[in-house]
Amino acid sequence: MMNTMTTDELTIAIAVPLEAEHVEQIRAVDPSITVLYEPGLLPPERFPADHAGDPAFKRSPQQEERYWDMLSKAQILYGFPNESPAGLARIAKSNPHLQWIHAMAAGAGGAVKASGLDTETLRKFHVTTSAGVHALPLAEFSAFGILNGFKRSAAMAQDQAAKFWPELRTPTKLANGSKVVIAGLGEIGMETARIARALGMRVSGTKRNVETIEGIDQVTNNDGLAALVADADAVVNTLPGTPYTEKLFNGDIFSAMKPGTVFVNVGRGTVVDEDALLAALDNGQVGYACLDVFAVEPLPQDSPLWNHPKVLVSPHTSALSTAENRLIAERFCDNLRIFLDGGELPHLVDPVHFY
């Protein structure tokens, strides 16, 4: 739907920790908007772009009332309240004026789904994501994962820990001339493809709407994934978690890979059948796995992935960078201008499919 509210009625509330300089960026978009920002009601950041803030932070009862009163006055929220699905559910039910919430995450569909809100309620306001802001750090992490696998970094680290100098030296794989398959050629996938091509790799991938893409050798939908990975040297997943992608990477897909394939996941953990991945690691179909996301997070202590010699576990941090708050604020300001001008907001969460 188009924005129909006049700008002299528009109030924005900052629901998550944000530096004052970025709040001023938002205020500068248009002189007619009101931006509500009370840093004393927001938990301090423990590191750059710590959107949830320090979990030890507690509001007094009076502060808690003031926080929710501030959010209830706004038509637009910067961030989910308390950066949680429960906060989203509460404000959606208590704020009848709500028109738009901008989420900090690139893949906010999971949090929207976890709020438990019905489709009718979700259709009353927009939820936009920060998709694209995280494309470069995720793409760099994907390249890091591919190169780790190609250059045998896990094996070298084990040899170093054991102070072992092998009698026979093992050659490594060149990125140049190798093939990578990227599941999900959206913004993250295309940025990953750009870096892969810079390394001399040949790139193919999947896209929901199949189309010819310059620089991509072959594009299919997910039904063609098994055929694509059959001759791949590396496979990168950037897909979001939806009912249509759940356990897409299953035993059949891993079995279709050639032995020693490097697998990187920067999408969502639910896209991968972790039991099937472990079996593929053990039988050699997957030679190395670099994983930033998992089906259950935090990764359970008893997960075999923690100690597997061919796995790098990253605690869902690959999208983080010191520039993130600035980049998200800039994205929000661009979107706010579109909203004020009556345009269609980009990167909307689908209230049915949650991506």
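This is a short tutorial dialogue on reading a predicted model of one protein chain.

Me: Let's begin with the whole chain. How many helices and strands does the protein chain have?

Reply: Counting such elements gives a first outline of a fold. Here the model, which is predicted, shows twelve helices and twelve strands. The radius of gyration is 22 Å, close to the 20 Å from the globule rule for 355 residues, so the chain is as compact as a globular protein of that length. Along the principal axes, its C-alpha atoms fill a box of roughly 70 × 45 × 35 Å.

Me: What share of the residues counts as buried, and what share of the contacts joins residues 24 or more positions apart?

Reply: Burial and contacts are handy to read together. Of the 355 residues, 49% count as buried. Among contacts with a separation of 6 or more, 66% are between residues 24 or more positions apart.

Me: And the outside: how much accessible surface does the chain have, and what part of it belongs to carbon and sulfur atoms?

Reply: The accessible surface comes to about 16,700 Å², and carbon and sulfur atoms account for 54% of it. As for charges, the chain has 29 positive and 42 negative ones, with mean positions 4 Å apart.

Me: Now a single helix. How do I read the span of helix 12?

Reply: Compare the end-to-end reach with the expected one. Helix 12 covers residues 324–340, and its 17 residues reach 24 Å from first C-alpha to last, close to the 24 Å expected. Its buried residues include Ile-328, Phe-332, Leu-336 and Phe-339, and also Glu-324 and Arg-331. Among the elements covering the buried residues of helix 12 are strand 1 (11–14), helix 1 (20–27) and helix 8 (187–198). After helix 12 comes Gly-342, with a positive phi near 80 degrees.

Me: Which residues of helix 8 are buried, and what covers them?

Reply: Helix 8 has twelve residues and reaches 17 Å, close to the 16 Å expected. Ile-188, Gly-189, Glu-191, Thr-192, Ala-193, Ile-195 and Ala-196 are its buried residues. Their cover includes helix 6 (135–150), strand 6, strand 7 (202–206) and strand 9 (234–237). Just after helix 8, Gly-200 takes a positive phi of about 90 degrees.

Me: One last residue: is Ala-162 buried or exposed, and why?

Reply: Check its relative accessibility against the cut-off. Ala-162 counts as exposed because its relative accessibility is 55%, and exposed means over 50%. You will find Ala-162 in the loop between helix 7 (153–161) and strand 6 (179–183). From Ala-162 to Ser-303 is 141 residues in sequence and 24 Å in space, C-alpha to C-alpha.

Definitions and conventions:
Residues numbered from 1 in each chain as written. Predicted model: local features only at pLDDT ≥ 70, side-chain atom pairs only at ≥ 80, totals over all residues. Heavy atoms only, no water. Helix = DSSP H or I, 4+ residues; strand = E, 2+ residues; numbered from the N terminus. Buried < 20%, exposed > 50% of the residue type's maximum accessible area, 1.4 Å probe, protein only. Rg over C-alpha atoms; globule rule 2.2 N^0.38 Å. Contact = heavy atoms within 4.5 Å. Areas by Shrake-Rupley, 256 points an atom, 1.4 Å probe, with all protein chains shown as cover. Lys, Arg positive; Asp, Glu negative; His and termini not counted. Charge placed at Lys NZ, Arg CZ, Asp CG, Glu CD. Expected span 1.5 Å × (residues − 1).
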